[in-house]
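Good morning, and thank you for joining. I would ask you to keep the structure in view while I go through its helix packing, its strands and a few individual residues.

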Amino acid sequence: MRLYPLFADVGDLPVLVVGGGGVAKRKAQALLDAGARVRIGAPRFEPELAAWIEAGQLQSFHGEFEPAWLEGMWLVIAATDDRGVNQRIAACAKERRIFANVVDDAALSRFHVPAVVDRSPLVVAISTAGAAPAIARRVRELLERVLDHALGRLVALAERHRARVVARFADTASRRGFYDWLHDGSVLALLRNARPAEAEQAMLAALEAAGPAPAQGSVALVGAGPGHPGLLTLQALRTLQQADVVLYDQLVGDEVLAMARRDAERIDVGKRCGGRQVAQEHTHRLMLAHAREGRRVVRLKGGDPFVFGRGGEELAFLRAHGVACEVVPGITAAVACAAFAGIPLTHRDHAQSVCLLTAHGKDAADAWAGQAHGDPRQTLAVYMGVEKIEALAAQLISRARSAETSCAIIENGTLPQQRVIVGTLGTLPALARRHAVQTPALLIIGEVAAFARQHAWFGALVDAGPAGVPDRQVCLETAC
Ligand code: SAH
């Protein structure tokens, strides 16, 4: 290791920054945040720095660098754009045994300022010893995605009760076991879920009990989004990376599934057995059994778990059985497909509301019959509607909407094989047949659907409308 890693407590210590520009300002800010007494020296200061000096937040030296500025300093950062000056600062600092950092100059620096992931009081510092700061930044971005934002609160809680933990667990092995439980168990989840009082209670209860409670199972209902792996939320990614078991649906793509912890057990509950999907009750029983064994279960669903995903039933079942649960929303198909087809679901001139509908399920037929859906300024987004497209279109035309209403079918939305087919209520069933539209496909009905014609931006755009077909029946599809 070329550098000795070190976190320095500069609280109330005098430190020097040389330079008056934006870089010097950032360095001074970081030192001020750490509680140092910052002195800054330069011939001129950029306006914000000048204001801080004016307000007495930091002291200053005006003029060219002089060695006397280093008097009494614990460390110095050289942030001038003159290599000669920076060199002189580094040499003078060395003579006086003061640690010096020269911005962007590893060779002249005695200490380096790392890239940082801040979950204070937990801080991760990353350095490449100046070899490739850009790669340190990439690693930082990676850790930003993976590290739970509640970790800082967990560490602060541990700090508050540190003495009790030490008193309760005398030997290091049992203490480590307790901290493992604190990190992996319900406490971190409670902090993440904005329940700090319950988190503290759980920790104190464990401290009073005979030992750390056995690992408590939990279930997270996680939305995987519409298929594109980049559309997974950060929270979904983190939850997946902690899961012991993943129960996933048919709509969840391999790329999303690959983001789960490598050794997590993956169970397909969307598989069709002899034409029938795994029964919902079976999924309920599986979730419960795994959670009761103390495992962290992720129930991974396409789109959002609470939009035509039966997430409501699953949550109610799990809570009725006393299982700790959380719900991680996902980007639902209507939102994702519309965006990827260039269709704004609402529009100041064309649509003031959106209605999410399904053409499938217990009460779908009643819901369709009971509602007119006649407002031309409302966009309808229909899930699971492909198979019934003929009946749906006929019903809407007979009761509510003009046959000229714009419509779009988005098949495999957000995936490389996405196809967007634009037509009208009157022409759509025939278009769907002609292009052999398959599930999953989402139907968008309303004037905004016509925007796909000009604004579809994902995949190649192919005008597949046969000669003689009016303009409004253009089919846009990707080349693959
Ligand atoms: N919970 C999911 C919906 C599940 S119902 C969500 O929030 O998106 C399944 C239906 O969703 C499919 O029949 C289809 O209508 C729609 N759907 C899901 N993913 C889709 C995709 N990538 N492209 C088009 N439609 C999709």
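Helices α12 and α13 are oblique to each other, because the angle between them is about 45°. The model under discussion is a predicted one. In that model, α12 covers residues 280–292 and α13 covers residues 311–320, and their axes lie 11 Å apart. The crossing of this pair is right-handed. On the α12 side, the contact is made by Q280, T283, H284, M287 and L288, while α13 contributes E313, E314, F317 and L318. Sorted by class, this contact of α12 with α13 comprises four nonpolar, three polar and two charged residues.

A second helix pair may be set beside it. Helix α4, residues 133–146, and helix α10, residues 234–242, cross at roughly 80°, and their axes come within 8 Å. That angle makes α4 roughly perpendicular to α10. Here the contact is formed by E144, R145 and V146 from α4, together with L234, R238 and Q241 from α10. By class, the contact of α4 with α10 divides into two nonpolar residues, one polar residue and three charged residues.

I turn next to helix α5 and the loop that follows. Which residues of α5, which spans 151–160, are buried? They are L151, G152, L154, L157 and A158. These buried residues pack against two strands, β6 (115–119) and β7 (122–126), and also against the helices α6 (162–168), α7 (172–184), α8 (186–192) and α9 (196–208). In the loop between α5 and α6 sits H161. Is H161 buried or exposed? Its relative accessible area is 9%, which is under the 20% cut-off, so H161 counts as buried. Setting aside neighbours within four places in sequence, H161 is in contact with E200, M203 and L204.

Helix α14 offers another set of buried residues. Within residues 333–340, the buried ones are A334, A336, C337, A338 and F340. The partners against which they pack are the strands β15 (353–358), β16 (378–383), β17 (406–411) and β19 (441–445). Just after α14, G342 adopts a positive phi of about 75°.

One of those partners, β17, leads us to strand β18. The two run antiparallel and are joined by six bridges; across this pairing, I409 has I421 of β18 as its bridge partner. How many of the six residues of β18, 419–424, are buried? Six of the six are buried, and the strand is mostly covered. In a regular strand, side chains alternate between the two faces of the sheet. For β18, both faces are covered: R419, I421 and G423 are buried on one side, and V420, V422 and T424 are buried on the other.

Finally, I come to the open sheet. Five strands are arranged in the order β3-β2-β1-β4-β5, with parallel pairing. Why do β3 (59–62) and β5 (99–102) each have one side without a neighbour in the sheet? Both stand at the edges and each has a single partner strand, so one side of each is left open in this sense. From one strand to the next, the twist averages 20°. Strand β2, residues 37–42, pairs with β3 in the parallel sense over four bridges, and G41 has F61 of β3 as its bridge partner.

That concludes the presentation, and I welcome your questions.

Technical notes. Residues are numbered from 1 along each chain as its sequence is written. This is a predicted model: local features need pLDDT of at least 70, side-chain atom pairs count only at pLDDT 80 or more; totals for chains, interfaces and linings use all residues. Side-chain values use heavy atoms; hydrogens and water are left out. Two strands pair if DSSP finds at least two bridges between them. Axes are lines fitted to C-alpha atoms, for helices over the stretch in contact, and angles run from 0 to 180 degrees between N-to-C directions. Angles under 35 degrees count as roughly parallel, over 145 as roughly antiparallel, 65 to 115 as roughly perpendicular and the rest as oblique. A crossing is left-handed if the near helix is turned anticlockwise from the far one by less than a right angle, and right-handed if clockwise. Contact means heavy atoms within 4.5 Å. Ala, Val, Leu, Ile, Met, Phe, Trp, Tyr, Cys and Pro count as nonpolar, Asp, Glu, Lys and Arg as charged, and the others, Gly among them, as polar. Buried means under 20% relative accessible area, exposed over 50%, partly exposed in between (1.4 Å probe, protein chains only).
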